[in-house]
Amino acid sequence: MGRSKASSGATASPGPSTESNSNSMASAEVKIRELLKELFKLIHSVQEERARGEHNLSNISKTHERMQQEQRITPYYKNKLRGLYNTAMQDAEAEAELLRKALDKISDIKSIRENRRQDSDRPKQIMRRGVLMSMLQQNAVTLPLWVSKPGEKPPPLCGAVSADNTYVAKTGDKVAARVKSQDGEENWILAEVVSFNSNSNKYEVDDIDAEEGKERHSISKRRVVPLPIWKANPETDPEALFSKGTLMLSLYPQTTCFYRAIVDEPPKGPQDDYSVLFEDTSYADGYSPPLMVAQRYVIACKDDKKK
């Protein structure tokens, strides 16, 4: 005999899945609070290290002023400056290491929050266009900046550095995906990874601009390009940026589609965007006027002939 339906007056107890999700959410909250405390301590340590370094920088400046007044460089001043500069370099590296640790904590917090959203039983909310565009812009602004150690090369997915062939994007990661619409036209869209099947080598992705599951695509791995997870610093790692004149794919402003474009000017500072020229036959030279696009949404251009 099958189980009878509970009477309308009975209160249904939460199932194992609901209870498990509730415990997972509570655990995530505890972990986030711990990470925030650690982040606070690190930021405080950065401020202390910076204050200590500023005293040494002040001594360097004063020593140079004395040398200018005396209009001569004595062995005393040479030795003094050598010691002061060595100390300044050590102070700068100590501060940079603290900043790297702080950025790691921020990345961990963002990852836990994203996983918590993925594990939630609540359906994905349909966003108004303005809210979605604001969220995408915020994601670009808060993308962590890669801070290289001396002699260290930028890793894959830092700026223009592509992921290696074995890389698999995680559930919840944002990617560029080449999908076919109902009318048969193919476009590169901004999508979110649902899953990856290693047997078929295919991703399931959701269109970021559609209700959850309404525009889900099962596509080959070669039709997916992971987005950068770090910004490259033009001042320390210019090789990790697309150079002027490079053909690439770029998210057209106020849309969720990627189009072919060339770099007009790469970013000049850590917080600057690319200036890009989109291919557009409505203009005499075949390109749009310069438009600004964040590093987060500029990726390598794949061969359109690949299916």
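Buried here means under 20% relative accessible area, exposed means over 50%, and partly exposed is anything in between. Keep that cut-off in mind for the cysteines further down. One caveat up front: this is a predicted model.

**Overall layout**

The chain has 3 helices and 10 strands. Read from the N terminus, the order is simple: α-α-α comes before a run of β elements. Of the 307 residues, 35% count as buried. The exposed area of the chain is about 19400 Å², with carbon and sulfur atoms supplying 52% of it. As for contacts between residues at least 6 apart in sequence, 59% of them join residues at least 24 apart.

**The helical part**

Helix H1 covers residues 16-70, and glutamate 38 sits in it. Is glutamate 38 buried, exposed or partly exposed? Its relative accessible area is 32%, so glutamate 38 counts as partly exposed. This residue also gives a handy long-range pair: glutamate 38 and alanine 102 are 64 residues apart in sequence, yet their C-alpha atoms are 8.4 Å apart in space.

**Strand pairings**

Now for the β part. The pairings below all run antiparallel, and each row cites its own source.

| Strand pair | Sense | Bridges |
|---|---|---|
| S1 (residues 174-180) and S2 (residues 186-197) | antiparallel | 7 bridges |
| S2 and S3 (residues 202-207) | antiparallel | 6 bridges |
| S2 and S7 (residues 257-265) | antiparallel | 2 bridges |
| S6 and S7 | antiparallel | 5 bridges |
| S6 and S10 (residues 298-300) | antiparallel | 3 bridges |

Let's start with strand S2, which pairs with S1, with S3 and with S7. On the S1 side, valine 179 stands opposite asparagine 187 of S2. The S1 and S2 hairpin leaves 5 residues between the strands, and glycine 184 there takes a positive phi near 90 degrees. On the S3 side, valine 193 has valine 205 as its bridge partner. The hairpin of S2 and S3 has 4 residues between the strands, with asparagine 201 taking a positive phi near 60 degrees. Towards S7, tryptophan 188 stands opposite phenylalanine 258.

Phenylalanine 258 turns up again when you look at S6: there, leucine 251 stands opposite phenylalanine 258 in S7. What does the turn between S6 and S7 look like? These two strands form a hairpin with 5 residues between them, and glutamine 254 in the turn has a positive phi of about 65 degrees. Strand S6 itself spans residues 247-251 and is mostly covered, as 4 of its 5 residues are buried. S6 also pairs with S10, where serine 250 stands opposite valine 298.

**Cysteines**

How many disulfides does a search of the whole structure find? The count is 0. Two cysteines are worth a look for their accessibility. Cysteine 158 has a relative accessible area of 0%, so this residue is buried. Cysteine 257 comes in at 19%, and since buried means under 20%, cysteine 257 counts as buried too.

Methods. Residues numbered from 1 in each chain as written. Predicted model: local features only at pLDDT ≥ 70, side-chain atom pairs only at ≥ 80, totals over all residues. Heavy atoms only, no water. Pairing = 2+ DSSP bridges. Disulfide = S-S within 2.5 Å. Buried < 20%, exposed > 50% of the residue type's maximum accessible area, 1.4 Å probe, protein only. Contact = heavy atoms within 4.5 Å. Areas by Shrake-Rupley, 256 points an atom, 1.4 Å probe, with all protein chains shown as cover.
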